[in-house]
Amino acid sequence: MCGIFGYTGSNVANNLIFDGLKRLEYRGYDSWGIAILKENKIHQYKNIGLVKKDKDLEKLPDAKIGIGHTRWATHGGVKKVNAHPHISTEKDFTIVQNGMVENFDSLKKQLLKQKAIFKSETDTEVIVKLVEKEVRSGKSLKQSLITSFKKLEGRNTIAILDSKQNKIYAIKNGSPLVVGLSKDGIYLASDSLSFSPYTKKIVVLDDYDMVEIEGKNISIFNIKTNRKKKPEIKTLKYQYEEIDKGKYDHFMLKEIVEQQKTINYATEYTLEELKPLLEAIRRSKKAYILGAGTAGFAAGQIGYFLRTIAGIDAQDVKSYEFRSYLPIITSKDLIIAVSQSGETADTIEPLEILKKKGCKIASFVNMFGTTISRMSDYEYYTNAGPEICVASTKVFTAQSAWGYLLAMSLAGKHTTAHRRLKLLTKSLNSLFTPSSFDYLKRMCGVLKKSEHMFILGKGENSFIALEGALKIKEISYKHVEGFFAGELKHGVIALIEKGTPVFGIIPDDHKDNENKDIISAIEQVKARGALTIGIGSEQYSKLKIFDYFIPTPQINSLSSIANVIPFQLVSYFLSLQLGNNIDKPRNLAKSVTVK
Ligand code: M6R
């Protein structure tokens, strides 16, 4: 949450920072700001809403050094005054922050007693005031930053523009920070994707690393160990020149359609490449799969495949609910972390604790060089390319398909898995035809009148019901709940009224009794007047119990991966008809780096 971008070099910083912030907007998009340094004077621009140019921004003089920020509000509402950067009283330095100062209240109270004057409601301004106090006591800005940073609790990363020395300083803790080294200068950002067009050479900072950037040079000093560090330069595998929507109106639709390829990219791993992890799983007493949100549902899907296909004792755990498992997890257990961003605080926290316990960590992440992959003993990547829409689509199916490949490989069926996954992606085009889109759009025209909807799934589709509901609620803002179909008669059925839309996921590869359960659940809601929508095997489309039916490709136990796609499309078309901001839904951020 929140994006930081900085640049010093021979090019005009203003445009580079603006473009960088556009690429970082997915991390937070309620307000933003830029500070540039020209002839030892800091010039700032702030605004609320999306990153876009206006006359005032154009008035900033062209400069060769500056920092910028996109905000996801934590302390203080969405107001210009709360947008970053936050400048010092003497206007000699300005700060942007990603994270949350957890001891904000007590620090602010102390500072107020010492007569500090605050203009904003942010925790960032508390950092500014702490630094000012240290500077007034005679310390250098660098030393003041170090002393002040050590007083902050929580995961915080800051970048500072220093007008006196023409430098950028940054200190990382928890929230990510990457340096990009290019011929024209130095880039600094919350992710490497935001400066991807300019360089593939990166330095990933560790917690408590302080980077000092002057012209085209960097030096790193760890404020915890008090040691200088030689920058460890890595070269990224992929470089993205342009991250655009192509022929699509929204990243979401582009990313949904891309699944015809990305499922294969995620599962190209050879047996040789998977071997270290397969052996670790076999050696482990139990495999715990951790994730949050959509990644948490993918963890559920991976666990299901590991148990049912490979007979592995595997348990998915919501990463933010891991504490109750702590008394039973031992160093003999293996942890598999699933994350798109690789920076989710809820997932990093248990990994830190479990690593200390001696557990081996495997991860399946989409972004390169992130905290989660760098903590891992076994590092695997989704390879799905940038996922820009806040709602995760292609990464969810990539994660689930990888789980299927893992389970099949453990069961000695690696080649069969590859063949089936290829078959699946080939057959997905039936979901993306103009007639299929027209059908969904007509159906969404009816759904948009309902405030509540329900999704029922069973077995392999249990987590698909939960993920389908999350997908629709994230963008349409409708109340959609996914349930394990078995729950219906135990309470959920009380919610069904005349016209309530109920989706039932019904594949053809389940054991008969499982499909019978779904059919009887749909009959029960139909009898109470529900509007019923079937998703799954075409053979059930003829049943009189469904008002609408969306057939999906059925390839052995892979149909669950196909079944989630209609929910993604319903989410898209419904939200489009409702006029919502599809790629940047309200209140959300792509990367949840705060607790
Ligand atoms: O980056 P991660 O995959 O770790 O993120 C986890 C969740 O925050 C994320 O899946 C979230 O639920 C998405 N907005 C879902 O579309």
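This report describes the domains, the ligand site and several individual residues of a predicted model.

## Domain layout

The protein chain of this predicted model is divided into domain 1, which covers residues 3-235, domain 2, which covers residues 245-427, and domain 3, which covers residues 433-595. Between domain 2 and domain 3, the distance from one C-alpha centre to the other is 24 Å, and the contact they form draws on 42 residues from domain 2 and 38 residues from domain 3.

## The ligand and its shell

The ligand lies between domain 2 and domain 3, because both of these domains give residues to the shell around it. That shell holds 14 residues, of which Ser 339, Gln 340, Ser 341, Thr 344 and Glu 474 come nearest to the ligand. Sorted by character, the shell residues comprise five that are nonpolar, seven that are polar and two that are charged. Two helices, α9 (293-310) and α15 (462-476), each contribute at least two residues to the shell, and α9 gives the most, with three residues.

Three polar contacts can be described for oxygen atoms of the ligand. An N or O atom in the side chain of Ser 339 is 2.6 Å from a ligand oxygen, while for Gln 340 a polar backbone atom is the partner, at 2.7 Å from an oxygen atom of the ligand. With Ser 392, a backbone N or O atom is likewise involved, and its distance to an oxygen atom of the ligand is 2.8 Å. Taken on its own, the ligand has 410 Å² of accessible area, and the protein covers 91% of this.

## Two buried polar side chains

His 414 is found in helix α13, which spans residues 414-427. With a relative accessible area of 10%, His 414 falls under the 20% limit and is therefore classed as buried. The His 414 side chain has two backbone partners: it reaches the backbone oxygen of Tyr 269 at 3.4 Å, and one of its polar atoms lies 3.4 Å from the backbone nitrogen of Leu 271. When residues up to four places away in sequence are not counted, His 414 touches Tyr 269, Thr 270, Leu 271, Leu 274, Leu 405, Met 408 and Ser 409.

Lys 478 lies in the loop between α15 and β22, the latter covering residues 479-484. Its relative accessibility is 6%, so Lys 478 also counts as buried. Apart from neighbours within four places in sequence, Lys 478 is in contact with Leu 447, Lys 448, Ser 450, Glu 451, Met 453, Lys 473, Leu 574 and Leu 578.

## A buried glycine in strand β24

Gly 536 belongs to strand β24, which runs over residues 531-536, and it is buried, with a relative accessible area of 0%. Once neighbours within four places in sequence are set aside, its contacts are Ile 506, Phe 549, Ile 550, Pro 551, Thr 552, Gln 554 and Asn 563. Pro 553 stands 17 residues from Gly 536 along the chain, and the C-alpha atoms of these two residues are separated by 7.6 Å.

## Backbone exceptions

Most residues other than glycine have a negative phi, and most peptide bonds are trans. Against that background, three places in the model deserve a careful look. The peptide bond that joins His 84 and Pro 85 is cis, with omega at about 0 degrees, and Pro 85 is placed in the loop between β4 (65-71) and β5 (86-87).

The other two places concern phi. Asn 40, although it is not a glycine, has a positive phi of about 60 degrees; this residue sits in the loop between β2 (31-38) and β3 (41-48) and is partly exposed, with a relative accessible area of 48%. Lys 115, again not a glycine, has a positive phi of about 75 degrees. The loop that holds Lys 115 runs between α3 (104-113) and α4 (124-136), and at 68% relative accessibility Lys 115 counts as exposed, whereas Lys 478, at 6%, counts as buried.

Notes: Residues are numbered from 1 along each chain as its sequence is written. This is a predicted model: local features need pLDDT of at least 70, side-chain atom pairs count only at pLDDT 80 or more; totals for chains, interfaces and linings use all residues. Side-chain values use heavy atoms; hydrogens and water are left out. A residue is near a molecule or strand if one of its heavy atoms lies within 4 Å of it. A polar contact is a pair of N or O atoms within 3.5 Å; within protein, one must be able to donate a hydrogen and the other to accept it, and residues adjacent in sequence count only if both atoms are side-chain atoms. Accessible areas come from the Shrake-Rupley method with a 1.4 Å probe; for residues, only the protein chains shown count as cover. Helices (H or I, at least four residues) and strands (E, at least two) are DSSP runs, numbered from the N terminus. Ala, Val, Leu, Ile, Met, Phe, Trp, Tyr, Cys and Pro count as nonpolar, Asp, Glu, Lys and Arg as charged, and the others, Gly among them, as polar. Domain bounds come from an automatic or database domain assignment. Buried means under 20% relative accessible area, exposed over 50%, partly exposed in between (1.4 Å probe, protein chains only). Contact means heavy atoms within 4.5 Å.
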